[in-house]
Amino acid sequence: MKPPSMPVRLAAWLAYAFMLTPLAVIVLFSFSERSFFQFPPQGFSLKWYGRAWDSGLFLWPALRSLVVGACATALAAALAIGAGLAIRELKANRVAQALEFVFLSPLIVPHLILGIALLHYYNPPGLIDTFAGLLAAHVVMILPFLFRTVLVSIHDLNPQLEEASELLGASPFTTFRRVILPALTPGIVAGAILAFIVSFDQFTVSLLITQREQITLPVAIYKYLYDVNDPVAAAVSTVLVVAGFSITLLVQRLGWLKSVPGG
């Protein structure tokens with residue numbers, strides 16, 4: 001394969017610099033001794049990390065984001081598997097195409113519009129600022145990511161393996177557990193990683209359907225910045241950046257995204 005030319009490499013490095021510079025600013029700000037941003041930074045301090053921990057404003061929202069992300073990913077995976085297998089049985093007719101479009105439609109609806117719709121929908125039954133309402137909203141938003149990767153794996157299934165399992169006397173559940181589910185695992189894992197990241201970082205919809213009891217970490221950071229503009233929020237953001245890069249490197253190292261195009 002021919003190596004990229006110098007202009008292409010230069011454009012790539014400029015793109016990396018454009019994406020990483022804001023993160024570098026946040027990291028530098030989090031270690032500042034002063035409560036306002038100054039460049040070049042003067043001094044080095046970890047006091048903003050201590051204040052973020054002592055404030056108690058971010059721990060429970062962070063745990064809630066993790067729990068909501070994990071539960072929403074598990075529910076969305078179950079829905080994606082069932083929907084994908086049902087669509088395969090429809091043999092790519094117009095109904096199957098319509099259902100595929102419905103399951104992917106949350107991707108084309110702006111999150112602000114989706115959040116406003118959920119706000120009006122949740123208000124009569126009292127689902128605003130509840131864990132159930134927050135979880136259902138996240139399932140809706142991340143379902144397309146899992147549905148797409150799982151559907152690709154379902155289309156690649158070898159029907160002869162299922163037929164052989166049935167001829168050997170296996171029940172439908174055993175065939176699903178021993179033949180279908182292992183074949184779908186790469187697509188499920190790849191979609192689950194993307195879905196969890198989207199859920200954990202989700203802000204707009206979570207802001208609209210929560211108030212005080214069920215806020216997530218991005219909403220907690222926003223509410224803190226709305227009242228106070230000091231490096232505490234930068235310290236929390238730096239922890240998230242480090243955690244995100246660590247998880248990404250681990251996933252890349254283990255090759256869990258190989259089934260995703262470009263992974």
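These legends walk through several close-up views of the structure above.

This is a predicted model, in which local features need pLDDT of at least 70 and side-chain atom pairs count only at pLDDT 80 or more, while totals for chains, interfaces and linings use all residues. Residues are numbered from 1 along each chain as its sequence is written, and side-chain values use heavy atoms, with hydrogens and water left out.

**View 1. The whole chain is built from eleven helices and zero strands.** Helices (H or I, at least four residues) and strands (E, at least two) are DSSP runs, numbered from the N terminus. The C-alpha trace spans about 75 × 60 × 30 Å along its principal axes. Of the 263 residues, 35% are buried; here buried means under 20% relative accessible area, exposed means over 50%, and partly exposed lies in between (1.4 Å probe, protein chains only). Among contacts (heavy atoms within 4.5 Å) with a separation of 6 or more, 71% join residues 24 or more positions apart.

**View 2. Helix H8 takes a bend at Thr185.** How far apart are the end C-alpha atoms of H8? They are only 38 Å apart, although a straight helix of 30 residues would reach 44 Å. That expected span is 1.5 Å times one less than the number of residues. At Thr185 the helix bends by about 45 degrees, and Pro186 follows within four residues. The bend is the angle between axes fitted to the seven residues ending at a position and the seven starting there.

**View 3. Look at the buried residues of H8 and their neighbours.** Among these buried residues are Ile180, Leu184, Ile188, Ile193 and Phe200. Their packing partners are helices H3, H6, H7, H10 and H11.

**View 4. Here is a nonpolar patch on the surface.** Its area is about 740 Å², and its members include Phe101, Val102, Leu112 and Ile116. Patches are made of residues with over 30% relative accessible area and no salt bridge; like charges are joined within 9 Å, and nonpolar side chains (Val, Leu, Ile, Met, Phe, Trp, Tyr) within 5 Å. Accessible areas come from the Shrake-Rupley method with a 1.4 Å probe, and for residues only the protein chains shown count as cover. Helices H4 and H5 each give two or more residues, with H5 giving the most, three.

**View 5. Arg88 has two salt-bridge partners here, Glu89 and Glu162.** A salt bridge is a side-chain nitrogen of Lys or Arg within 4 Å of a carboxyl oxygen of Asp or Glu. The closest N and O atoms are 3.7 Å apart for Arg88 and Glu89, and the N to O distance is 2.8 Å for Arg88 and Glu162. Arg88 lies in helix H3 and Glu162 in helix H7, so this pair ties together parts that are 74 residues apart in sequence. Is Glu162 buried or exposed? Glu162 counts as buried, at 12% relative accessibility, whereas Glu89 is exposed at 52%.

**View 6. Arg148 and Glu100 form a salt bridge.** Their closest N and O atoms are 2.7 Å apart. Arg148 belongs to helix H6 and Glu100 to helix H4, 48 residues apart. Both are partly exposed, with relative accessible areas of 40% for Arg148 and 21% for Glu100.

**View 7. Asp129 sits in the loop between H5 and H6.** Asp129 has a positive phi of about 60 degrees although it is not a glycine. Most residues other than glycine have a negative phi. Asp129 is buried, with a relative accessible area of 13%.
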